[in-house]
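I opened this notebook to keep track of what I look up in a structure that is new to me. The entries below follow the order in which I went through it.

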Amino acid sequence: MASVQLINVNKVYDGGVHAVHDFSIDIKDKEFIVFVGPSGCGKSTTLRMIAGLEEISYGDFLIDGKLMNSAAPKDRDIAMVFQSYALYPQMTVYKNMAYALKLRKVPKDEIDARVKEAAKILKLTPYLDRKPRALSGGQRQRVALGRSIVRRPKVFLMDEPLSNLDAKLRVAMRSEIVRIHEEVGATTIYVTHDQIEAMTMASRIVVMKDGFIQQIGEPNEVYKNPANMFVAGFIGTPAMNFLHGIVEKGFFVLDGTGEKIRLTPDQKKLLANYEGKRLVYGIRPENLIFEEDDRFEKFKDCSFKLKTGMVELLGDIVNVHGTSGENKAILKMSSKYSVKDKTEITVATDCEYARFFNETTTRAITSNDCEYEEVEATDLTDEDKVVIVEKPKGLISKAVDAIKGAVNKKSDK
Ligand code: ADP
């Protein structure tokens with residue numbers, strides 16, 4: 001099995017489309033990595049560059065520390081499973097799985113052992129003599145996986161392998177693929193636009209947008225600490241609520257209504273440099289607490305009113321869509337509470353879960369991250385005036401020193 005490394009990998013298609021920008025990741029042996037993002041964000045292009053089906057424009061791609069940029073697909077020891085799992089209709093399950101090995105002139109005994117072992121892992125042993133037309137969709141997808149498993153590749157690549165299956169089967173196959181991955185133990189890279197697949201299957205997720213990596217992390221980490229508003233909105237349903245407002249004297253003051261959400265001591269520390277600045281208060285729908293909930297009392301200093309709109313009853317839970325001035329929010333709660341549309345309710349934020357974002361850059365604010373600061377050097381001419389936005393803390397003072405140096409030089413002249 002294998003480790004995979006991509007270092008500043010880029011793809012520029014003929015015609016100038018820059019589909020993938022500086023893609024870098026270190027994938028450890030046996031990891032299950034999921035590339036997720038909306039259509040057109042560059043997931044398949046990246047996967048195809050790894051497979052050798054698409055040339056890498058620049059950057060390095062290594063397997064087990066060996067540069068593989070120009071290796072032919074067949075020499076990369078990679079198997080790819082696509083969404084359309086074209087099986088040979090005239091061949092039995094056994095022959096479908098054996099075929100690639102037969103072409104590679106693997107001895108018959110070895111083929112037999114590998115097919116039977118794969119069939120066991122895939123729970124296909126009873127179906128080895130059947131033709132594909134006598135199998136269910138899920139069984140056919142497992143045969144397609146089996147054709148890759150028998151080859152014992154270093155790396156498995158899967159491009160939306162479940163998107164042709166109906167919803168129920170997709171859910172079943174998700175856990176099947178995870179189980180198979182655990183048994184086979186091969187490094188796997190899986191592409192999907194479905195954030196639920198990413199959350200449930202991945203050991204680490206790579207969230208992509210417009211050809212750029214937005215965040216790499218374990219599902220839970222990405223969910224709890226999204227790096228920016230795009231990730232916060234893309235991972236999790238319904239999406240995270242974004243409440244716009246201003247930080248003021250230990251409170252977050254909501255736009256429009258002026259309602260105040262108390263900041264926790266940690267949040268005050270985090271936002272110490274943002275007094276009077278506009279920010280976005282991110283809170284997930286399940287971290288809003290309805291006024292009738294017992295927990296409400298504890299968080300009532302962090303509450304605000306919502307005018308209710310659509311109320312979606314989804315069995316055990318209910319999603320209440322609401323507005324607070326210009327801000328929109330969704331409350332996700334147990335359906336044991338009932339709420340009508342076009343009424344006013346009060347909700348509290350379970351404030352420990354709040355996340356703050358820079359309204360301009362959309363980046364999350366973290367204690368060791370960048371801060372928003374404007375530095376204006378009044379001694380300079382208008383042309384030279386410098387506004388530094390979002391520089392790591394240490395760099396700001398260096399930048400200010402540099403500006404002062406520049407001013408002194410100018411006045412020396
Ligand atoms: P995803 O898999 O995330 O849906 P793709 O990797 O297929 O996205 O595409 C990324 C971008 O590259 C898109 O803007 C797409 O239109 C463009 N693209 C894909 N294939 C080609 C190609 N052969 N020539 C030019 N542009 C392409």
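**Entry 1: the lining of the cavity**

I began with the lining of the largest cavity, to which α4 (137-149), β7 (155-159) and α5 (167-184) each supply at least two residues. I note at once that this is a predicted model, and I read the entries that follow with that in mind. Of the elements that line the largest cavity, α5 gives the most, with four residues.

I then looked up the lining residues by name, and found L145, I149, F156, M158, I177, I180, H181, V184, A186 and T188 around the largest cavity. What is the lining of the largest cavity like by class? I sorted the residues and obtained eight nonpolar and two polar ones, with no charged residues in the lining. The volume of the largest cavity comes to about 70 Å³, and when I asked how many cavities of 30 Å³ or more the structure holds, the count was one.

**Entry 2: the protein as a whole**

Stepping back, I counted 10 helices and 22 strands in the protein. The protein has 413 residues, and 47% of them count as buried. For the accessible surface of the protein I noted about 20,900 Å², with 50% of that area belonging to carbon and sulfur atoms. I also looked at contacts with a separation of 6 or more, and wrote down that residues 24 or more positions apart account for 65% of them.

**Entry 3: an open sheet of four strands**

Next I traced an open sheet in which four strands follow the order β2-β1-β4-β5, with antiparallel pairing. Why is one side of β2 and of β5 left without a neighbour in the sheet? Both β2 (18-27) and β5 (66-67) stand at the edges and have a single partner strand each, so each has one side without a neighbour.

Within this sheet I followed β1 (residues 4-12) and β4 (residues 58-63), which run antiparallel and are joined by five bridges. To fix one point of this pairing in my mind, I noted that L6 has F61 in β4 as its bridge partner.

**Entry 4: the partners of β11**

My last search concerned β11 (residues 241-248), which pairs with β14 (residues 278-283) in the antiparallel sense over six bridges, and here I found I246 opposite R278 in β14. β11 also pairs with β12 (residues 251-254), again in the antiparallel sense, over four bridges, and G245 stands opposite L254 in β12. The hairpin of β11 and β12 has two residues between the strands, and I recorded that K249 takes a positive phi near 45° there.

Key:
Residues numbered from 1 in each chain as written. Predicted model: local features only at pLDDT ≥ 70, side-chain atom pairs only at ≥ 80, totals over all residues. Heavy atoms only, no water. 1 Å grid on protein atoms, 1.4 Å probe; cavity = no way out; pocket = protein on both sides within 12 Å on 5 of 7 lines; lining within 4 Å. Points joined across faces, edges and corners; volume = space filled by probe spheres on them. Nonpolar A, V, L, I, M, F, W, Y, C, P; charged D, E, K, R; others polar. Buried < 20%, exposed > 50% of the residue type's maximum accessible area, 1.4 Å probe, protein only. Contact = heavy atoms within 4.5 Å. Areas by Shrake-Rupley, 256 points an atom, 1.4 Å probe, with all protein chains shown as cover. Pairing = 2+ DSSP bridges.
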